[in-house]
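I am opening a notebook page on one chain, on a hairpin within it and on its contact with a neighbouring chain. The entries follow the order in which I looked things up.

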Amino acid sequence: MFQSLRKPERDRVTITVNGHPIEAIAGQSVWSAMALNGQTITRRAALSGEDRSAYCAMGVCFECLVEIDGLPNQQACLRRVTEGMAVTTQEITETTEATNAGL
Amino acid sequence: MKADVLIIGGGIQGCATAYHLARQGASVIVLEKDYVARHASGVNAGGVRLLGRDMAEVALSKASMEMWQTLSDELGHDTGFRRQGLVNIAVDETDLNTLRAREAKMRATGYTHERIIDRGELRERLPHVNPNCVGGVISELDGYAIPYQSTNAFRLAAERHGARIVEGEELLSLRRVGCSWLAQGSSTRFEADTVVNCAGAWADRIALMIGDNVPLSHAAPMLMITARMPHFVKPVVGAVSRQLSFKQFQNGTVLIGGGAKGFADRAAGSTRLDYAKLADAARTTAEFFPIMRRAAINRMWAGFEAYMPDNLPVIGPAVNAPRAFHAFGFSAHGFQMGPVVGQVMADLVLTGRSQFPLGPFRIDRYDRKVL
Amino acid sequence: MQAFDCAIIGAGPAGMSAAITLAKSGACVAVLDQASRAGGQIYRASADSPLPDAHVLGADYTDGATLIAEFERVDITHITQADVWHIGDDGRILFSHFGDTRELHCREMLLCPGAMERPMPIPGWTLPGVMTAGAAQVMLKSDAMVAKGAVFAGSGPLLYLIVAQYLRLGVPVAAMVDTTPRQNYLAAAPLLPRAMRNLPMLKKGLDLLREIRASGVPVYRGATDLQVLGDTRAQGLRFTSASRSHDIAADTVFLHHGVQPNLNMTRAMDLTHRWNADQLCWQVDTDAFGQSSVPHVAVAGDGAGIIGADGARMAGRLAALNILHRLDLLPQEGLDRAAAPDLAALAAMSPFRAFIDRLYRPSDALRLPRDPDTLVCRCEEQTLAQLRTGFEQGARDPNALKMLTRCGMGPCQGRQCGHIVAGLLSDWRNEPPETVGYYRLRSPQRLLTLDELSRFHAIPAPTEATE
């Protein structure tokens, strides 16, 4: 179970993770904001659809790919939270169909 | 090592030729300086395209297209071929006029595989296309395959019939002695009655060893491929008058081509990319398909391709030596032709004839021209 | 467009030290780094730790703040949050920056890509809840985030350091499962006397082990047959130690067995690489000044072969001195004189390095998967058995196997499976790693959107900007 030992900070922001609002510290990594709120699944594996989660937390494994503000393939461990950011787990597998035209 | 036929080059033309020869009982050696499908045959865009072929190529390409439909079954290995159709998009009336002229020419020759589609059908086939596009042309039999898998499928099938593939062996010299070709590789000597030159971007050097001069050049067409995206397009897509070409594979990745060329340094064996041109390709792609703006590019590359001045291949016998044949210079659209070229070359080697008119592909077609 | 004298990629100990040396001699320097603050992995957030008291992480870490402060004082162009995705040997660098693609030119370039952890492909290593010890460190340093009741498994100084750091912070640790093979102690023993010359380093390591032992955390030694338990997420670790099988329940398992150079940048540039038989990994081939097979491209720090943070500082300075010389800002005599202390210090470190490398040499059983169903390529979900089939179908080269099976074609671009695939092929072909080779890598070195690519902006050097 993940836990924060962070010294008290006032600079808080609100983001949503899969639609649920959560509080985070400005500048915190998206991954830690997710994980501290119990959302450790970041993406589905491309073929099997199995749950995946961050492995290296330093940008070299690409397991923590999430969608941020609608943009897929964002590394949750490298991106920092900002006020109002919308994070969703990345559901793209090799059978996913597009639902909008991106217009 | 001895064989009836020595094939130089382990690309799709070489492996398909080996397969068709071995299948008919000839003993075959394929000499490959790197590994099978290392260059254009393994790293091309995978388009299996009959649409828009030069008139001289249509008969061959059409026969090849029919072979692709059942090729995986025939070879016993998946080529990754998927028949998805190919649509070339028209952006305006000028494009449509170009298509109508082409259609008239095709009909006059008796070909009916290309069909013009209107704006409504375009939207139906490509729901995510920019709504400003006015129509296009479709060829239903077209699609894509996985280049390395396809070439390797030919290789495995050839080996099953007894063909020997020698990788990592470069041809250093080749000479005709009596009734044999003596070939010196980097570590082994080979002897064969017949040689077939399928050496792709290096084929002019092999042709020279055989005794034929040929105005072959080479270039490095650039490609890029994305991480998986939700499926949004089934057909392979091109455009009538713009550098647009892409396809979404069954695994969700999208391969973007378009013909922009990087820099090919054959002496150094390396290619460089022209990022400004790739940025153009990115802009064009996103313009036609706004959904692509958010696509994540994962790899970019360029392979060596051999080009003839008229963008038509050389297919046929050598003119300055007996028992030598050429199949190269496909000018960046040879992958689709692989299956039929293999058969044509086997026919030439075994019978001296082909059922297809090969006049436009003679190696000496430039001999009397001033280039 | 006017060019920078030198561009440095990466602001860890090597990159920062190099930038300081170059700037002090008047070179016009650009430093590009992925993070929002300098420090690299090792000194990450050392200057602004979110922890109430960063000193529990140790002096080696907090000392980084001094270097960062000095780096931030010198006159250079520091471009933060720059995702470099193309480095051309023509001196052109392309990077993503807040949604745009930007371009800068430089005469000389110094790559400091740093290290990454050696992947540890044991059964279950892709389950959620399995992370690396380095990940535990990064999460602790940059976000003050810890995992309570985790199992730590593997071998090597970084593993012991993070366990000790957890204990100092009062974070419960379920167990430490040490996989260092018993025969490694015997093999390393002859190297110990020379390593003793670096007594402080040796003592630091022993103190860590003593600290862990004194804490009462269960420590298992000589562990083999590791397997992560759980179907959809990690529930614990199974292993054999002292001839007995153990199951330790935990929802987080941190793995570690050493670090290796982060190769993608140097590989994508086609620099010459060599196999390091002591560290069992590929590294870029450089001279003592970090100069690569391309004269105006240097590589320093762990990205050029694992030497640790102190070594990286020295290597960064040495590379900078050589670059100053190449820029005609430092004569040969000056170079020789200035380089002597760092060259001597690096040489003095090597016996200790040799001892550590031998002691913590990863066992083949952890370096290469054994179970046919274990995933080798995490992105494209290719198992050991599938790769073996591909090999039997004629794909004997790493690139051929990649094209046949898609291993290494996913978003991580082979960073995780590269060494494993090359190692497996080396075994299967019964040929040395040098003969087998490695993936052919190309730009972009990270995913970039079509939108980013389509927007180019050039970055002028400071002198041009003021004209």
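In which sense do strand 13 and strand 14 of chain C pair, and over how many bridges? I find strand 13 (residues 224-229) and strand 14 (residues 236-241) of chain C paired in the antiparallel sense over 4 bridges; strands here are DSSP runs of E of at least two residues, helices are runs of H or I of at least four, both numbered from the N terminus, and two strands pair if DSSP finds at least two bridges between them.

Ground rules, noted early: this is a predicted model, in which local features need pLDDT of at least 70 and side-chain atom pairs count only at pLDDT 80 or more, whereas totals for chains, interfaces and linings use all residues. Residues are numbered from 1 along each chain as its sequence is written, chains are lettered from A and ligands numbered from 1 in the order in which they are written, and side-chain values use heavy atoms, with hydrogens and water left out.

Hairpin, continued: I looked up the partner of C:Leu229 and found C:Gly236 in strand 14 of chain C. Between the two strands lie 6 residues, and C:Gly230 takes a positive phi near 125 degrees in this hairpin.

Whole chain: I count 18 helices and 24 strands in chain C. The C-alpha trace of chain C spans about 70 × 50 × 40 Å along its principal axes.

Contact with chain B: with contact meaning heavy atoms within 4.5 Å, I list 35 residues from chain C and 36 residues from chain B. The two chains bury about 2,800 Å² between them, 56% of it on carbon and sulfur atoms, where buried area is the accessible area (1.4 Å probe) lost on putting two parts together, summed over both. Of the area that chain C buries against chain B, C:Met403, C:Leu450 and C:Leu453 supply 23%, more than any other three residues.

Charged pairs: I find 2 salt bridges across this interface (a side-chain nitrogen of Lys or Arg within 4 Å of a carboxyl oxygen of Asp or Glu). C:Glu380 and B:Arg228 meet in a salt bridge, at 2.7 Å from N to O. Among the elements that give two or more residues to the side of chain C that touches chain B are strand 4 (83-87) and strand 5 (92-97), while the largest share, 5 residues, comes from helix 14 of chain C.

Strands across the interface: I also see strand 20 (residues 296-302) of chain B joined by 2 bridges to strand 23 of chain C, the two running antiparallel. Here B:Ile297 has C:Leu448 as its bridge partner.
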